[in-house]
Amino acid sequence: MSDTPPDRLSVDPDSPFHDADLLARGVGVRFKGEEKTNVEEYCVSEGWVRLAVGNRVDRRGKALTVKLQGPVEPYFQNGETPAGD
């Protein structure tokens, strides 16, 4: 496996950007320099994250999200440095 996380990743199994192996490996995300634990999807090249809004779900049972713009730094949580370092 690569030492850098992908440009785009989603936790939704229905998404084409979902990768269960990478998620099992543990991917963390820093957004605007702050650790985020409620990231549903991110894209480094476009500079955005989708964050879950509490425990709310839509009528299909998917988490309600808000899309925020800014610098995104994904990294593997097993002690490796962020991709930008």
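A search of the whole structure finds 4 salt bridges, a salt bridge being a side-chain nitrogen of Lys or Arg within 4 Å of a carboxyl oxygen of Asp or Glu. The model is predicted, so local features need pLDDT of at least 70 and side-chain atom pairs count only at pLDDT 80 or more, whereas totals for chains, interfaces and linings use all residues. Residues are numbered from 1 along each chain as its sequence is written, and side-chain values use heavy atoms, with hydrogens and water left out.

**First stop: Arg8 and Glu41**

Select Arg8 and Glu41, which form a salt bridge with their closest N and O atoms 3.0 Å apart. This pair links distant parts of the chain, with Arg8 in strand 1 and Glu41 in strand 4, 33 residues apart. Strands (E, at least two residues) and helices (H or I, at least four) are DSSP runs, numbered from the N terminus. The two side chains also make a polar contact at 3.0 Å. A polar contact is a pair of N or O atoms within 3.5 Å; within protein, one must be able to donate a hydrogen and the other to accept it, and residues adjacent in sequence count only if both atoms are side-chain atoms.

Colour the pair by accessibility. Glu41 is buried, because its relative accessible area is 11%, while Arg8 is partly exposed at 25%. Here buried means under 20% relative accessible area, exposed means over 50%, and partly exposed lies in between (1.4 Å probe, protein chains only).

**Second stop: Lys62 and Asp12**

Next, select Lys62 and Asp12, whose side chains meet in a salt bridge of 3.0 Å, N to O. Lys62 lies in the loop between strand 5 and strand 6, and Asp12 in the loop between strand 1 and helix 1 (20–25), so the pair ties together parts that are 50 residues apart in sequence. Lys62 is partly exposed, with 30% relative accessibility, and Asp12 is partly exposed as well, at 24%. Add Asp14 to the selection: Asp12, Asp14 and Lys62 are linked in a network of salt bridges.

**Third stop: Lys36 and Glu34**

Move to Lys36 and Glu34, where the side chains meet in a salt bridge of 3.4 Å, N to O. Lys36 is partly exposed at 22% relative accessible area, and Glu34 is partly exposed at 47%.

**Fourth stop: the sheet**

Switch to a cartoon view and select strands 1, 4, 5 and 6, which make an open sheet of 4 strands in the order 1-4-5-6, with antiparallel pairing. Strand 1 (8–10) and strand 6 stand at the edges, each with a single partner strand, so one side of each is left without a neighbour in the sheet. Neighbouring strands of this sheet are turned by 20 degrees against each other on average, direction ignored; the axes behind such angles are lines fitted to C-alpha atoms, for helices over the stretch in contact, and angles run from 0 to 180 degrees between N-to-C directions. Two strands count as paired if DSSP finds at least two bridges between them.

Follow the sheet from strand 4 (residues 39–43) to strand 5, an antiparallel pair joined by 4 bridges. Glu41, already visited, has Arg50 in strand 5 as its bridge partner. The two strands form a hairpin with 4 residues between them, and Gly47 in the turn has a positive phi of about 70 degrees.

Continue from strand 5 (residues 48–57) to strand 6, which run antiparallel and are joined by 6 bridges. Ala52 has Thr65 in strand 6 as its bridge partner. This hairpin has 5 residues between its strands, and Gly61 in the turn has a positive phi of about 85 degrees.

**Fifth stop: the nonpolar patch**

Show the surface and select Val53, Leu64, Val66 and Leu68, which make a nonpolar patch of about 270 Å². Patches are made of residues with over 30% relative accessible area and no salt bridge, like charges being joined within 9 Å and nonpolar side chains (Val, Leu, Ile, Met, Phe, Trp, Tyr) within 5 Å. Accessible areas come from the Shrake-Rupley method with a 1.4 Å probe, and for residues only the protein chains shown count as cover. Which strand gives the most to this patch? Strand 6 (residues 63–69) does, with 3 residues. Val66, in strand 6, is partly exposed, with a relative accessible area of 37%.

**Last stop: Thr4**

Finally, select Thr4, in the segment before strand 1. Thr4 is partly exposed at 45% relative accessibility. Draw a distance from its C-alpha atom to that of Val27: the two are 23 residues apart along the chain and separated by 9.9 Å.
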